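The following report describes a protein structure for a reader who works with coordinates and computed geometry. It moves from one chain as a whole to a sheet, and then to aromatic groups and single residues.

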Amino acid sequence: MSLRIVVCVKYVPDATGDRRFADDLTLDREDVDGLLSELDEYAVEQALQIADGADDAEITVVTVGPEDARDALRKALSMGADRAVHVEDDDLHGTDVMGTSLVLARAVEKTGYDLVICGMASTDGVMGVLPALLAERLGVPQVTLLSEVSVNEGVVTGRRDGDTATERLEASLPAVVSVTDQSGEARYPSFKGIMAAKKKPVESLDLEDLELEAGEVGLAGAWTAVDSATERPARTAGTIVKDEGEGAKQLAEFLAGQKFI
Amino acid sequence: MAEVLVLVDHVDGAVRKPTLELLTLARRIGDPVAVALGAGAEATAGVLGEHGAVKVLVSDAPEFADYLVVPKVDALQAAFEAVSPAAVLVVSSAEGKEVAARLALRIGSGIITDATDLEAGDGGPVATQAVFAASYTTKSRVSRGVPVITVKPNSAPVEPAAAAGAVEALAVSFGEGSTGTKVVSRTARESTGRPELTEAAIVVSGGRGVNGAENFPLIEALADSLGAAVGASRAAVDAGWYPHTSQVGQTGKSVSPQLYIASGISGAIQHRAGMQTSKTIVAINKDAEAPIFELVDYGVIGDLFTVVPQLTEEINTRKG
Ligand SMILES: Cc1cc2nc3c(=O)[nH]c(=O)nc-3n(C[C@H](O)[C@H](O)[C@H](O)COP(=O)(O)OP(=O)(O)OC[C@H]3O[C@@H](n4cnc5c(N)ncnc54)[C@H](O)[C@@H]3O)c2cc1C
Ligand SMILES: Cc1cc2nc3c(=O)[nH]c(=O)nc-3n(C[C@H](O)[C@H](O)[C@H](O)COP(=O)(O)OP(=O)(O)OC[C@H]3O[C@@H](n4cnc5c(N)ncnc54)[C@H](O)[C@@H]3O)c2cc1C
């Protein structure tokens with residue numbers, strides 16, 4: 001029987017570039033460079049490895065985002081995913097995590113799945129809660145923050161490195177998994193992969209296709225509100241000394257002055 | 001006054017410091033009611049009472065240890081229904097965030113994660129967040145339902161405040177989904193004897209410049225002279241020089257200590273994301289152009305192999 005894997009991938013502003021807020025205090029996505037969230041590359045990688053180990057598997061990548069988010073899907077397809085679903089609708093602008101998880105849950109259900117794989121967190125919102133919300137909404141086990149994952153005969157197992165302990169987890173499919181950046185380097189798309197990606201199907205869905213009302217998502221439907229966003233004042237220039245034998249002493253002096261010693 | 005639910009983060013009854021910080025914040029918006037789950041739950045009541053918890057709801061069913069996250073959501077929901085609080089506060093640990101999010105969804109509330117401060121406001125608590133690697137500060141509210149907010153460690157001082165801390169048993173009925181993810185085994189992390197990274201007042205970190213696991217004792221010695229925790233950049237962790245649990249940054253721990261000392265770390269955006277809110281930042285790096293110097297209160301351009309041991313010695317002498 002075929003294993004249906006859905007990978008959730010997010011299109012995010014490039015962290016090494018200029019990130020800012022738009023006038024309505026949502027993320028400015030218009031004039032900033034975006035890309036597939038690097039942490040979702042690890043999710044795609046694990047999907048590819050799980051698919052390799054299965055008799056027969058199909059990987060669908062899903063994103064919720066504006067037109068440009070297609071770039072994230074293309075990247076995932078060029079890494080080796082089979083097909084893509086793009087949820088795009090003007091009414092999605094400003095959706096918070098509750099709305100995003102609702103849309104993703106509907107999209108994943110419509111696509112059909114045995115296993116959903118997410119990144120540990122997006123590199124913009126960095127909430128790290130979407131996979132747990134997706135599991136709650138879908139009513140399936142969450143097997144999250146895995147640094148190691150494998151699937152055998154309908155059972156997913158993995159290792160979760162927590163704050164105080166390392167746990168081995170186990171759940172039956174269907175399930176929602178999220179993987180960390182310790183799960184294994186993500187592959188680079190090959191030239192062949194990039195060419196093949198151009199021919200792979202990308203399905204477009206809007207809110208109506210998912211039987212959702214505009215008021216359930218977007219800025220208006222959000223359950224949270226941002227009142228203000230201010231750029232952090234640049235740190236006042238600190239003291240910088242060149243070590244010419246006295247560097248450590250000078251630093252100790254500074255630390256003592258600040259009462260750290 | 002309204003009650004505020006606080007989920008207790010503890011290890012076998014020993015309450016971790018971020019929970020005491022939450023109690024400080026909770027008192028700004030109401031009377032804290034603590035929820036302690038799992039083995040040792042009841043033993044937390046003393047210290048929670050000393051820090052302002054009027055009530056401590058306890059449940060130590062085996063489900064909390066045997067299955068992932070969901071049993072705790074069931075319990076927090078039971079507490080929520082028993083208390084009808086004005087807000088729910090949870091520590092921003094990986095597990096804390098997941099528990100909080102699932103609870104928020106069940107009770108029809110919005111969630112704010114990783115708050116760095118909290119104030120009472122006209123329309124409910126207002127949370128401060130440091131976003132985009134702490135280059136922006138936002139103020140946000142939960143606009144629907146009872147606010148569920150997770151708060152980063154080191155966001156508030158621990159302030160003692162005597163309260164009843166009355167222990168009450170919490171009745172929890174576990175839902176069908178609670179046994180979905182089995183914890184097959186659990187290996188506790190060995191204690192280093194140093195402060196916990198996210199809770200420490202001082203963090204001393206080493207990066208690629210440390211150039212090998214065999215040199216990390218230099219960083220450890222400096223940390224020990226200051227009573228600090230040891231952190232590492234991802235480059236040092238990926239090279240296998242220091243455990244992943246010590247990684248500071250976007251995909252590692254996010255720290256906000258009084259003092260952060262970076263040695264041999266360039267200051268990439270993903271590293272900054274995890275330490276930029278530190279109160280005082282110090283760097284030792286031989287490259288004057290390293291981006292970390294843009295952040296520092298005090299920087300030494302120099303070879304860490306000379307500066308770090310000298311600094312350690314200097315500190316030990318001064319303390320001597
Ligand atoms: C700076 C900032 C702060 C925010 N703070 C809050 C807040 O406090 N509360 C709130 O409700 N909302 C908040 N949001 C909005 C929230 O980030 C988005 O709604 C979002 O897509 C879900 O959260 P996340 O990306 O942080 O998810 P995470 O939980 O960090 O993402 C984990 C994984 O979920 C998947 N995923 C997430 N989003 C998508 C998507 N659009 N398409 C496909 N897969 C996806 C990916 O696999 C990702 O790796 C914030 C946004 C920003 C930019
Ligand atoms: C998705 C993603 C997530 C990431 N998450 C994290 C994260 O959580 N944490 C993190 O740290 N990184 C993270 N990174 C990696 C990050 O981009 C950098 O690669 C990393 O932080 C570099 O570590 P470094 O500063 O130790 O090494 P380098 O950038 O190589 O810097 C080493 C520095 O040491 C200095 N040096 C060398 N020798 C000496 C000497 N003898 N004395 C003094 N100075 C010396 C050099 O001048 C240089 O500035 C992430 C990257 C990605 C893509």
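How many helices and strands does chain A have? In this predicted model, chain A has six helices and 13 strands. The C-alpha trace of chain A spans about 70 × 40 × 40 Å along its principal axes, and 51% of the 261 residues of chain A count as buried. The exposed area of chain A is about 11800 Å², with carbon and sulfur atoms supplying 45% of it. When contacts in chain A between residues at least 6 apart in sequence are considered, 71% join residues at least 24 apart.

**A sheet with strands of both chains**

Six strands form an open sheet in the order E13(A)-E17(B)-E16(B)-E15(B)-E13(B)-E14(B), and their pairing is parallel. Its edges are strand E13 (239-242) of chain A and strand E14 (229-232) of chain B, each of which pairs on one side only. On average, and with direction ignored, neighbouring strands of this sheet are turned by 15 degrees against each other. Within the sheet, strand E15 (residues 259-263) of chain B and strand E16 (residues 280-285) of chain B run parallel and are joined by five bridges; Ser263(B) stands opposite Ile284(B) in E16(B). Helix H9 (residues 304-319) of chain B lies across E15, E16 and strand E17 (298-301) of chain B, and runs at about 130 degrees to E16(B).

**Aromatic groups**

Over all chains, the count comes to six aromatic pairs, including the two in the table.

| Ring pair | Centre to centre | Angle between planes | Arrangement |
|---|---|---|---|
| Phe254(A) and Tyr298(B) | 4.7 Å | 25 degrees | stacked |
| Phe216(B) and Tyr242(B) | 4.5 Å | 20 degrees | stacked |

Why does the pair of Phe254(A) and Tyr298(B) join two chains? Phe254(A) lies in helix H6 (residues 247-257) of chain A, whereas Tyr298(B) lies in strand E17 of chain B, so the pair joins two chains. Both Phe254(A) and Tyr298(B) are buried.

The pair of Phe216(B) and Tyr242(B) links distant parts of the chain, 26 residues apart, with Phe216(B) in helix H6 (residues 216-226) of chain B and Tyr242(B) in the loop between helix H7 (234-238) and E15 of chain B. Phe216(B) and Tyr242(B) are buried as well.

Elsewhere, ring pairs link Phe21(A), Phe132(B) and Tyr136(B) into a cluster, and Arg144(B) lies over the face of Trp223(A), at 4.1 Å from the ring centre.

**Two residues in helices of chain A**

Is Gln46(A) buried or exposed? Gln46(A), which lies in helix H1 (residues 38-52) of chain A, has a relative accessible area of 3% and is therefore buried, since this value is under 20%. With neighbours within four places in sequence left aside, Gln46(A) is in contact with Ile117(A), Val149(A), Val179(A), Ser183(A) and Gly184(A).

Met79(A) is found in helix H2 (residues 70-79) of chain A and counts as buried at 5% relative accessibility. Leaving aside neighbours within four places in sequence, the contacts of Met79(A) include Glu41(A), Val44(A), Glu45(A) and Leu48(A), along with Ala186(A), Arg187(A) and Pro189(A). The C-alpha atoms of Met79(A) and Ala197(A) are separated by 8.3 Å, although these residues are 118 residues apart along the chain.

Terms used: Residues are numbered from 1 along each chain as its sequence is written. Chains are lettered from A and ligands numbered from 1 in the order in which they are written. This is a predicted model: local features need pLDDT of at least 70, side-chain atom pairs count only at pLDDT 80 or more; totals for chains, interfaces and linings use all residues. Side-chain values use heavy atoms; hydrogens and water are left out. Helices (H or I, at least four residues) and strands (E, at least two) are DSSP runs, numbered from the N terminus. Buried means under 20% relative accessible area, exposed over 50%, partly exposed in between (1.4 Å probe, protein chains only). Contact means heavy atoms within 4.5 Å. Two strands pair if DSSP finds at least two bridges between them. Axes are lines fitted to C-alpha atoms, for helices over the stretch in contact, and angles run from 0 to 180 degrees between N-to-C directions. Rings of Phe, Tyr and Trp (its six-membered ring) pair if their centres lie within 6.5 Å; planes under 30 degrees apart count as stacked, over 60 as edge-to-face and the rest as tilted. A charge sits over a ring if NZ of Lys or CZ of Arg is within 6 Å of the ring centre and within 35 degrees of the ring normal. Accessible areas come from the Shrake-Rupley method with a 1.4 Å probe; for residues, only the protein chains shown count as cover.
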